[in-house]
Amino acid sequence: MKGFLLLEALLTMIVIAVALVALNAALIMMVKSNAAGEASVVSTQISQRMLEEIRLRRWDENTPIPSSYIKNPSAIGLDAGESASDKRTFDDIDDFQGWTESPPRDPVMNVLSAFDDYATSVTLRYVDGTTLDSVPPGTKTDFKAITACSWRRQRKSICLDTIMTNR
């Protein structure tokens with residue numbers, strides 16, 4: 001009888017060990033999936049934050065204050081007196097063309113330290129108002145498409161698009 005009890009205890013321990021190994025693999029997969037989901041949510045929020053920051057600027061360099069419709073928008077990109085490394089100098093939305101920041105920064109260039117392993121980039125272009133297709137280089141329309149992409153290191157980027165119009 002003593003040997004039987006020992007054998008039963010040993011078999012029970014083996015069954016529990018095998019079950020724990022299987023559960024451990026599922027737990028690891030769940031933790032990785034959770035981390036990927038978190039990175040996607042944070043990247044989406046950082047991209048949205050960047051779009052909101054861009055919306056704070058005038059539509060175009062030539063837009064009067066208070067804003068009203070302008071007939072001759074400027075070319076996309078930086079204008080005189082604006083720094084490619086300091087977005088505080090940007091006065092219109094097209095100044096953000098080609099902007100990247102890693103880690104993300106707030107509107108006054110303070111590092112968002114909780115997101116050190118994230119990065120953000122912005123592209124901007126004129127688009128056709130009816131098809132929303134890009135127009136040939138040098139062509140100006142009343143519509144600018146803005147794409148803000150954010151990502152965590154070694155993760156897929158999350159991009160958000162918006163169209164802003166000349167009012």
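Let me start with one residue: D86 has 15% relative accessibility, so D86 counts as buried, since the cut-off for that is under 20%. Keep in mind that this is a predicted model.

Where does D86 sit? D86 is in the loop between α1, residues 2-55, and β1, residues 100-101. Its side chain makes a polar contact with the side chain of R88, at 2.9 Å. Now set aside the neighbours within four places in sequence. D86 is then in contact with W99 and M109.

Hold on to W99. That residue takes us to the core. The largest nonpolar core has 17 residues. Which of them have the most contacts inside it? They are M50, I54, F96, W99, V122 and I146. Three elements, α1, β2 and β3, each give two or more residues to this core. As a general point, nonpolar side chains in soluble globular proteins tend to be buried together.

Take M50 from that list. Again, leave out neighbours within four places in sequence. M50 is in contact with F96, W99 and V122, which are also on the list of core residues with the most contacts. M50 also touches K87, E101, T120 and A148.

Next, the aromatics. How many aromatic pairs are there? The count comes to 4. In one of them, the rings of F90 and F96 have centres 4.9 Å apart and planes at 85 degrees, so this pair is edge-to-face. Are these two residues buried or exposed? F90 is buried, with a relative accessible area of 4%. F96 is buried too, at 0%. Ring pairs link F90, F96 and W99 into a cluster. So W99 turns up again, because ring pairs tie it to F90 and F96, and W99 is also a contact of D86.

One more ring. K144 lies over the face of W59, at 4.1 Å from the ring centre.

On to the sheet. Four strands form an open sheet, in the order β1-β2-β3-β4, and the pairing is antiparallel. Why do β1 and β4 each have a side without a neighbour in the sheet? They stand at the edges, each with a single partner strand, so one side of each is left free of a neighbour there.

Look at the β1 end. Strand β2 covers residues 118-126, and 2 bridges join it to β1. The two run antiparallel. T100 stands opposite S121 in β2.

Now the β4 end. β3, residues 143-152, pairs with β4, residues 158-165, in the antiparallel sense over 8 bridges. These two strands form a hairpin with 5 residues between them. In the turn, Q154 has a positive phi of about 60 degrees. F143 stands opposite T165 in β4.

Let me finish on T165, in strand β4. T165 is partly exposed, with a relative accessible area of 38%. What does its side chain reach? The side chain of T165 reaches the backbone oxygen of D142 at 3.1 Å. Beyond its neighbours within four places in sequence, T165 is in contact with W59, D142 and F143. W59 is the ring that K144 lies over. Lastly, T165 and Y69 are 96 residues apart in sequence, and their C-alpha atoms are 9.7 Å apart in space.

Conventions:
Residues are numbered from 1 along each chain as its sequence is written. This is a predicted model: local features need pLDDT of at least 70, side-chain atom pairs count only at pLDDT 80 or more; totals for chains, interfaces and linings use all residues. Side-chain values use heavy atoms; hydrogens and water are left out. Buried means under 20% relative accessible area, exposed over 50%, partly exposed in between (1.4 Å probe, protein chains only). A polar contact is a pair of N or O atoms within 3.5 Å; within protein, one must be able to donate a hydrogen and the other to accept it, and residues adjacent in sequence count only if both atoms are side-chain atoms. Contact means heavy atoms within 4.5 Å. Two strands pair if DSSP finds at least two bridges between them. A nonpolar core is a set of buried Ala, Val, Leu, Ile, Met, Phe, Trp, Tyr and Cys residues joined through side-chain atoms within 4.5 Å. Rings of Phe, Tyr and Trp (its six-membered ring) pair if their centres lie within 6.5 Å; planes under 30 degrees apart count as stacked, over 60 as edge-to-face and the rest as tilted. A charge sits over a ring if NZ of Lys or CZ of Arg is within 6 Å of the ring centre and within 35 degrees of the ring normal.
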